[in-house]
Amino acid sequence: MTAHPLGQETALWEGETQNLASAATQGKVITARYRLTNRSLYVSKGVLRTDEQQIPLAHVQDVDVRQNLIQKARSVGDVIVRVTRPDGFVDVLVMESVADPRRVRDLVNRSATDARVAERQLMNHQSITYSGPGPVTPTPAAPAPDDLFAQLEKLGKLRDAGIVTPQEFDTKKAELLARL
């Protein structure tokens with residue numbers, strides 16, 4: 001059995017805002033920290049008050065770089081991440097003044113593409129049940145015990161990897177066991 005393409009969540013990149021205000025002070029006040037994993041982009045902003053976001057990479061639609069003249073001279077730039085939420089709302093996150101912005105853009109783009117592919121693969125493996133008016137799908141035959149065990153094992157790995165919530169795991173497990 002193969003593991004989910006994204007596997008365990010692992011850090012791919014970490015960075016922070018390197019704007020002139022933080023560079024001018026010896027104490028280096030950081031106003032934003034960023035962490036990219038193979039599943040999410042984590043953002044923590046603020047000095048006196050902290051706002052934190054976790055953005056699933058599968059929702060990232062576009063990533064761009066913006067640099068002004070001063071940022072170019074300092075080898076930093078803004079990485080602009082456009083996110084489409086499940087409800088259709090489009091959100092824009094600006095990762096301000098990060099080092100090597102083109103490398104960060106490329107890494108976020110590749111990681112988001114990988115996450116979308118993995119999400120599509122996961123959705124292709126899930127069964128769809130229709131209810132109400134319309135065509136009725138035939139009830140599948142009860143799986144063989146070996147096949148059932150393999151499906152439960154696969155489902156458990158998806159839960160352990162954080163792809164499927166414990167509630168989704170319990171629901172699907174109950175469906176599989178009910179077919180016996």
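**Buried residues, salt bridges and cores**

Trainee: Why is D78 called buried?

Mentor: The relative accessible area of D78 is 10%, and buried means under 20%, so D78 counts as buried. Keep in mind that this is a predicted model.

Trainee: What makes R66 and D78 a salt bridge?

Mentor: Their side chains meet with 3.4 Å from N to O. The cut-off is 4 Å between a side-chain nitrogen of Lys or Arg and a carboxyl oxygen of Asp or Glu, so the pair qualifies. R66 lies in strand β5 and D78 in strand β6, so the bridge ties together parts that are 12 residues apart in sequence.

Trainee: Is R66 buried, partly exposed or exposed, and how do you know?

Mentor: R66 has a relative accessible area of 44%. Exposed would need over 50% and buried under 20%, so R66 is partly exposed.

Trainee: Why does R33 with E16 count as a salt bridge too?

Mentor: The closest N and O atoms are 3.0 Å apart, and the limit is 4 Å, so the name fits. R33 is in strand β2 and E16 in strand β1, 17 residues apart, and the pair links distant parts of the chain. R33 counts as partly exposed because its relative accessibility is 48%, between the 20% and 50% limits.

Trainee: How do D160 and R159 compare with the cut-offs?

Mentor: Their closest N and O atoms are 3.2 Å apart, again within 4 Å. D160, at 55%, is exposed, because exposed means over 50%. R159, at 30%, is partly exposed.

Trainee: How many salt bridges are there in the whole structure, and which residues do shared partners join into one network?

Mentor: A search finds 10. D62, D64 and R82 are joined into one network by salt bridges that share partners.

Trainee: What makes S97 buried?

Mentor: S97, in strand β7, has 8% relative accessibility, and the cut-off is under 20%, so S97 counts as buried. Beyond its neighbours within four places in sequence, S97 is in contact with residues including E16 and D78, both of which you met above as salt-bridge partners.

Trainee: Which residues of the largest nonpolar core touch the most other members?

Mentor: Of its 22 residues, these are W13, L41, V60, V81 and M95. Helix α3 gives the most to this core, with five residues. Leaving aside neighbours within four places in sequence, W13 is in contact with residues including M95, V104 and L107.

Conventions
Residues numbered from 1 in each chain as written. Predicted model: local features only at pLDDT ≥ 70, side-chain atom pairs only at ≥ 80, totals over all residues. Heavy atoms only, no water. Core = buried A, V, L, I, M, F, W, Y, C linked by side-chain atoms within 4.5 Å. Buried < 20%, exposed > 50% of the residue type's maximum accessible area, 1.4 Å probe, protein only. Helix = DSSP H or I, 4+ residues; strand = E, 2+ residues; numbered from the N terminus. Contact = heavy atoms within 4.5 Å.
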